[in-house]
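Trainee: Please take me through one chain of this model and then the way the two copies are arranged. I would like the terms explained as you go.

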Protein chains: 2
Amino acid sequence: MKKTIPNKSALNEKKGVPQPEFISDLVVKNIKQFRKIQPSSNELIDGILKGNISDLSRAITLVESTNPEHLAKANEVINACLPHANKSVRIGITGVPGVGKSTFIEAFGKHLTSLRKTVAVLAVDPSSTISHGSILGDKTRMEELVKDKNAFIRPSASGETLGGVARKTRETIILCEAAGFDTIIIETVGVGQSETAVHSMVDFFLLLKISGAGDELQGIKRGIMEMADAIVINKADGDNIKKANLAKSEFNRALHLFPAKKSGWMPTVSTCSSYTKDGIDEVWKTITNYLELTQSNAYFQEKRKEQNQYWMMETINEQLKNHFYNHPEIIDLLEKKKKAVQNNSLSPFAAAMELLSTYFK
Amino acid sequence: MKKTIPNKSALNEKKGVPQPEFISDLVVKNIKQFRKIQPSSNELIDGILKGNISDLSRAITLVESTNPEHLAKANEVINACLPHANKSVRIGITGVPGVGKSTFIEAFGKHLTSLRKTVAVLAVDPSSTISHGSILGDKTRMEELVKDKNAFIRPSASGETLGGVARKTRETIILCEAAGFDTIIIETVGVGQSETAVHSMVDFFLLLKISGAGDELQGIKRGIMEMADAIVINKADGDNIKKANLAKSEFNRALHLFPAKKSGWMPTVSTCSSYTKDGIDEVWKTITNYLELTQSNAYFQEKRKEQNQYWMMETINEQLKNHFYNHPEIIDLLEKKKKAVQNNSLSPFAAAMELLSTYFK
């Protein structure tokens, strides 16, 4: 059994009350040591800017905390890191469970570090609170990458809402960039709303697929195909190569039916194998081409500015809603109005107006 | 020049003050007549439930008014109509300008009235405030339908926000249904956010297209294809028939790449000509098939309930945002914070928190 570390709250001193003499030296020592391992904001900032991974991890823990004091400290660190961030490429990777996201990221990440890139792998998985971390929860799935000194892997933050999880990941990107990582990979499962959140925090959005009878498409959320800058068909090895190539030409045809992207980029379709590593280098070449195009036509910079504003607005709108829907009077009234609306005895608009007048009065 | 009708407010009587003797008989007569042409809520409700088109139009005008008194009256009428509504099929039709929406709706509407259906045609076009009513603004485009006793055509409401325009159209649906219309067609231009709004107020969503070099797709918003329950390729006549059939098979292939719909419905692709009327009857057959499927698997009823709740929440969220963004202190501060976020001197989350604490203090 582990030794119990005394809780900070045990130190609540009452002013003017003399210390009892029987205080344990051991406890005092432990507490002092505990305090020591909590560096100040400035120490954290210094550490992060020097690329210290322990300080980076500590700062991320602050970002993920629900303690308001920690959040205030996190904000301080993030704002100091901001001028040193933004110098990376942010890549979003989505795909339903079973397409081999982890093995792909392992192969892709190793390819990137072989090119002397430094890679941070993050995840947005709001379901992980319930399923206890399906994404990146098991670092052993990326055995090679986890041992790589130029890679940093952090499982998805947990939280009750997607907004909360997304916020934490977004701020973690800033910290990783300030710590010198030049390639940020953000993984998500393409089954909920999370890929929309990820799409609005990355420069390049990659949809991972496998070839098959078409039923592998069932699980994926509508609209994702249109968000993709590249569709990569994984597991194109052995008997699968032919099927993968067929899928490739089918997706290519389909993509041509979509309207042109604002970026001027025409989404690509390619095949790869995370096992044989065939096609992995091509994925990076595609991203390089994309960066060349969008940095020269200024779409890249414009998109990042828009994303910053989007996240400011998103946070505001989410908090406005939280405040309203957690209002004690609203909680009771909402259920009643919902029922009235369902029974067609009250119009949705009238119901909304009654709720709002209660809230604002 | 028109005679000026005296304003209602001129009649503000003060209790106990005797009428001056020099009151004009003419003015009194005018005022009485004015009051007479403004029926009470109960008169309006009675009229609507009897299918009186003038009363229906008057009630819609109240819904579209910005006068709070009118809105209160509108709410009264709508809530009384609600139990008599919901007995129709609501069809959304979208397509970029030039695909022939008006001529299609004319041909389709005439086909419906020939089947003894009663058809109300509405529109959601937030741009009409600026462009002065591009959609249905010109009723002469539907010469035949406009003369049809079993059809009712109402141009798009105007308003500053899509939310406002959508709210008005949604309440107009209720009124039309209570007036006995069994088929509601809602038209929108597939270039903004409006088709998402229309999609969430209809049972069946139809995307109108024309065959061509692919560039007709450019104007359409991403994601619309995935929302469609049917894609209809219009102008399939004369030299166009071959191209239209080619487009049909291409869209059919593409649709198979999309995930299955929650309704269990597999979207269809067909061709038609609003000119020769070929394929118009098929569109209605498709909708009948859809209704059979979704009414038997209860998706139809479930979707309507969800839509009601969606609109209640939408209205609340929109009003919360309005209240925040029109707050005098916020207006000033927002611009400053936006700039700070753009310059990367403040994180989007920190900026949002500063704005929120100003708002809630």
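Mentor: Of the 361 residues of chain A, 49% count as buried, where buried means under 20% relative accessible area with a 1.4 Å probe, protein chains only, exposed means over 50%, and partly exposed lies in between. The model is predicted, so local features need pLDDT of at least 70 and side-chain atom pairs count only at pLDDT 80 or more, while totals for chains, interfaces and linings use all residues. Residues are numbered from 1 along each chain as its sequence is written, chains are lettered from A and ligands numbered from 1 in the order in which they are written, and side-chain values use heavy atoms, with hydrogens and water left out.

Chain A has 15 helices and seven strands; these are DSSP runs numbered from the N terminus, helices being H or I of at least four residues and strands E of at least two. Contact means heavy atoms within 4.5 Å. Among the contacts in chain A between residues at least 6 apart in sequence, 73% join residues at least 24 apart.

Now the pair. A turn of 179° and a shift of 0.0 Å along the axis lay chain A on chain B with an RMSD of 0.4 Å, after least-squares superposition on the C-alpha atoms of residues with pLDDT of at least 70 in both. The two copies are therefore related as by a two-fold rotation axis. In chain A, the C-alpha nearest that axis belongs to A:A254, 2.6 Å away. Both copies use the same surface, since 100% of the contact residues of chain A recur in chain B.
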